[in-house]
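Here are a few short exercises to work through with the structure open beside you. Try each one first, then follow the solution step by step.

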Amino acid sequence: MIEARHLRVLRAVAATGSFSAAGRELGCTQPAVSQQMKALETSVGTPLLVRSGREMRLTQAGEALVRHAAGIIAGLTAAEEEVAAIAGLRAGRVRLVSFPSGSSTLVPTALAALRAAHPGTRVSLEEAEPPQSVRMLREGDCDIALAFRYERTVRDQENEWDDLVVRPLLSDRLVALVPERHRLAAAGSVAIGDLAREPWIAGCPRCRGQLVEVCEGAGFTPRIDFATDDYPAVVGLVGAGLGVAVLPQLATESVRPRGARMVTLEPAVRREVVALTLPDLAQVPAVAATLDELERAADGK
């Protein structure tokens, strides 16, 4: 394998015409130059210099290698500078995937802070619900996945993230959403069983599964008339009197509940919101900085 330091020595020898002069230029001894040239000739498997008395000239192979050395060294220098910039957060790229309510609440605050602190770092954002977002992370399609799982099912899912770095962000409580003219609209809190006979508007597949599980735990199966991943659509359907719903509190921050009222749900149902990445990616400065800002954004909730 050809080493960059050997190429630098070869160029110095070719430019100065001797080992001693090359040593002076490089700040090392003549024996050190000789030793590195021997190592380079061993690596390429052919002589690179012809020594005749005090004269020294390049062989044809030596001339070819010197010709390529300038471009190789320039490329390595550019690579070293780029890597140093990334390591120093003067540059870098992070691919972030988030579920919608995280995209509208945690992500903007985190990315604004990241840009202010490290303007050279670029972050792209794509939306996906778990488990799709987690699958994207494992398949190399993103660097950080904002995800969630419900506390009642954590025990069943406790091993699903064992291969990932998990950064806990917050515990997000669910709230009930009812039409403003509903009999329970003015209630301080409701039990899930109080809504047993209502038509329901359900959310994403994972949220829908959690809704069915909670309702069945209260002794009934919800009649789901509508299902949509779009939280404004959920609010619109509830506001139009077409049913009731439960929403994560995080989601209510980015929607205006026109025609609907939010009511505390008892007993409390929560989801754990986390940022996930791969162990190797967690060591990348731009990824680590993004995780830190997401955690700070969550602390403000």
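**Exercise 1.** Classify Cys 28 and Cys 204 in this predicted model as buried, partly exposed or exposed.

*Solution.* Start with the cut-offs: buried means under 20% relative accessible area and exposed means over 50%, with partly exposed in between. Cys 28 has a relative accessible area of 29%, so Cys 28 is partly exposed. Cys 204 has 4%, so Cys 204 is buried. As a follow-up, look for disulfides: a search of the whole structure finds zero.

**Exercise 2.** Find the element that holds His 68, and decide whether His 68 is buried or exposed.

*Solution.* First, locate the residue: His 68 sits in helix H4, which covers residues 60–87. Next, take its relative accessible area, which is 51%. The cut-off for exposed is over 50%, so His 68 counts as exposed. Finally, look for Leu 7, which is 61 residues away from His 68 along the chain. The C-alpha atoms of these two residues are separated by 9.4 Å.

**Exercise 3.** Describe the backbone and the surroundings of Leu 89.

*Solution.* Begin with the backbone: phi of Leu 89 is positive, at about 60 degrees, although this residue is not a glycine. Then place it: Leu 89 belongs to the loop between H4 and strand S3 (92–98). Last, check the accessibility: with a relative accessible area of 15%, under the 20% cut-off, Leu 89 is buried.

**Exercise 4.** Which loops hold Pro 131 and Pro 267, and what kind of peptide bond joins each to the residue before it?

*Solution.* Take Pro 131 to begin with. A cis peptide bond links it to Pro 130, with omega about 10 degrees. Pro 131 is in the loop between strand S4 (121–127) and helix H6 (132–138). Now turn to Pro 267, where a cis bond comes from Glu 266, with omega about -5 degrees. The loop holding Pro 267 runs between strand S11 (260–266) and strand S12 (270–277).

**Exercise 5.** Compare the overall dimensions of the chain with those of a compact globule of 301 residues.

*Solution.* A compact globule of that length would have a radius of gyration near 19 Å, whereas the chain has 31 Å. Along the principal axes, the C-alpha atoms fill a box of roughly 105 × 35 × 25 Å. Within the chain there are eleven helices and twelve strands, and 43% of the residues count as buried. Of the contacts with a separation of 6 or more, 71% come from residues 24 or more positions apart.

Terms used:
Residues are numbered from 1 along each chain as its sequence is written. This is a predicted model: local features need pLDDT of at least 70, side-chain atom pairs count only at pLDDT 80 or more; totals for chains, interfaces and linings use all residues. Side-chain values use heavy atoms; hydrogens and water are left out. Helices (H or I, at least four residues) and strands (E, at least two) are DSSP runs, numbered from the N terminus. The radius of gyration is taken over C-alpha atoms; the globule rule is 2.2 Å times the number of residues to the power 0.38. Buried means under 20% relative accessible area, exposed over 50%, partly exposed in between (1.4 Å probe, protein chains only). Contact means heavy atoms within 4.5 Å. A disulfide is a pair of cysteine sulfur atoms within 2.5 Å.
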